[in-house]
Amino acid sequence: MISFSVQPTTTNTPPATAAAAVQSSLLPHHHFHQLSFSTSLPRRHYSHRRLKIRAIDAAQPYDFEAHLTNRFSQSTKLKIAVIGFGNFGQFLAKSFVRQGHTVYAHSRSNYNSAAQSIGAAFFSDLHDLCEQHPDVILICTSILSTETVLRALPLQRLRRNTLFVDVLSVKEFPRDIFLQVLPSHFDILCTHPMFGPESGKTSWQGLPFVFDKVRIGDEDSRINRADTFLNIFKKEGCAMVEMTCAEHDKYAAGSQFITHTMGRILEKLLLESTPINTKGYETLLNLVENTSSDSFDLYYGLFMYNKNAMEQLERLDLAFESLKKELFGHLHEVLRKQLFGKVEKGGLRRPMLAKLPRNGTPLLPSQSESLSNNSN
Ligand code: NAP
């Protein structure tokens, strides 16, 4: 498509015909620029007009092709409201904006300038934000404050089938709160990007993204909207993992909670880099760096709102005790040998490192006692 614009060489030039005059007065200015017209009046009465090509393939409001392109781009672009614009909220928002989505932000604190620098619009008033009718409400607040934040949302100001998504590091808890608080006409998608501003600093390529389509309406538009949201992470190269919230919490307690706990224990040791760091030690230093940048609220949330976390903490305790006993057991034998000069009849009694029951097997008090006795 080629479009022309009229470039008058003189000012106050009258339209060439009466018809053109009527057209030019009815159409908006930019439409007039699209008209090409001929004159039946003698040319000498009017100054010469020169037509210049000003734009090639410029999208016009009535252009079908442009309309289609626009509709396609609208169907793949979302208006996402990020509720909780702290560390993780801002981190995610940057990618949303980069992919062309519109981001509205709200938080307890004022993040106006942070939002501006990212290209998002900050709303300190939740009512104003909801009146923008976002397609997606993304809950990105601390685990501990989620329920209060959700209950404070003026749901009546949203479109009836708005999609609610959360990115909390625990999953059964937000799923249950969403199902309790949100009327049935809202869609629910529970997600957990298994990375953060540190681990996903340079790229999200290959990093796991867990999701559970808890409640998505049957209409194509609602299914597509949830998929469009998930596609944001797919496009960044995330490994998309669909699993139930319950499965997630079981795996996450045995992996993420243990990782954060070890990171926090090591942080308390105030480890320092040395001139002879081994690869393993470098890994530990990285672990401390990765976990210490997360808030304590986040860690506490992992413990409080994942019912599997307590068991993991007990297993950790037990494993440490068992390991110490094995070490001290060896030491005890060496001392006895030195004291009595020879190996006692019956050979050395080697202490055994008690094997913990498989992950997920409940630890009963009797079991933990027998584990301790075994290694004595
Ligand atoms: P966070 O400490 O878990 O949460 C901070 C956010 O919660 C801030 O936006 C903060 O708002 C808001 N908040 C805290 N207390 C609040 C309250 N009483 N009322 C209202 N808002 C409150 O740190 P985060 O790293 O930003 O994590 C946010 C969410 O993402 C968490 O649910 C976390 O589990 C999840 N997540 C985090 C990571 C990560 O690597 N960081 C990865 C995956 C998922 P203000 O800043 O305005 O005070």
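This section describes the fold, core, ligand shell and selected local features of a predicted model.

The protein chain contains 14 helices and 10 strands. Of its 376 residues, 25% are buried. Contacts in the chain with a separation of 6 or more were examined by sequence distance. Residues 24 or more positions apart account for 70% of them.

The largest nonpolar core comprises 57 residues. Within this core, A81, V82, A105, V136 and L138 touch the most other members. The contacts of A81 were listed without its neighbours within four places in sequence. They are Y104, H106, L129, P134, V136, I137 and L138. Two of these partners, V136 and L138, also belong to the group with the most core contacts.

The ligand is surrounded by 26 residues. G86, S107, S145, G196 and S295 come nearest to the ligand. Three elements give two or more residues to the shell: α4 (87–98), α7 (146–151) and α12 (296–304). By class, the shell holds 14 polar, 9 nonpolar and 3 charged residues.

Packing was then examined for one helix pair. Helix α10 spans residues 245–268, and helix α11 spans residues 279–292. Their axes lie 8 Å apart and cross at an angle of about 105°. An angle from 65 to 115 degrees counts as roughly perpendicular, so α10 is roughly perpendicular to α11. On the α10 side, the contact is formed by T259, H260, M262, G263, R264, L266 and E267. These residues meet L284, L287, V288, N290, T291 and S292 in α11. The contact of the two helices has 6 polar, 5 nonpolar and 2 charged residues.

Backbone geometry was considered next. Most residues other than glycine have a negative phi. H133 is not a glycine, yet its phi is positive, at about 50°. H133 sits in the loop between α6 (126–130) and β6 (136–139). With 12 other C-beta atoms within 10 Å, H133 is exposed, because the cut-off for exposure is 12 or fewer. L270, also a residue other than glycine, has a positive phi near 50°. L270 is found in the loop between α10 and α11. It is exposed, with 7 other C-beta atoms within 10 Å.

Finally, M310 was examined. M310 lies in helix α13, which covers residues 309–340. It has 13 other C-beta atoms within 10 Å and is therefore partly exposed. M310 and F257 are separated by 53 residues in sequence. In space, the C-alpha atoms of M310 and F257 are 9.8 Å apart.

Methods
Residues numbered from 1 in each chain as written. Predicted model: local features only at pLDDT ≥ 70, side-chain atom pairs only at ≥ 80, totals over all residues. Near = placed C-beta within 6 Å. Helix = DSSP H or I, 4+ residues; strand = E, 2+ residues; numbered from the N terminus. Nonpolar A, V, L, I, M, F, W, Y, C, P; charged D, E, K, R; others polar. Buried ≥ 20, exposed ≤ 12 C-beta atoms within 10 Å, placed from the backbone. Axes fitted to C-alpha atoms, helices over the stretch in contact; angles between N-to-C directions. Parallel < 35°, antiparallel > 145°, perpendicular 65-115°, else oblique. Contact = placed C-beta atoms within 7 Å. Core = buried A, V, L, I, M, F, W, Y, C linked by C-beta atoms within 7 Å.
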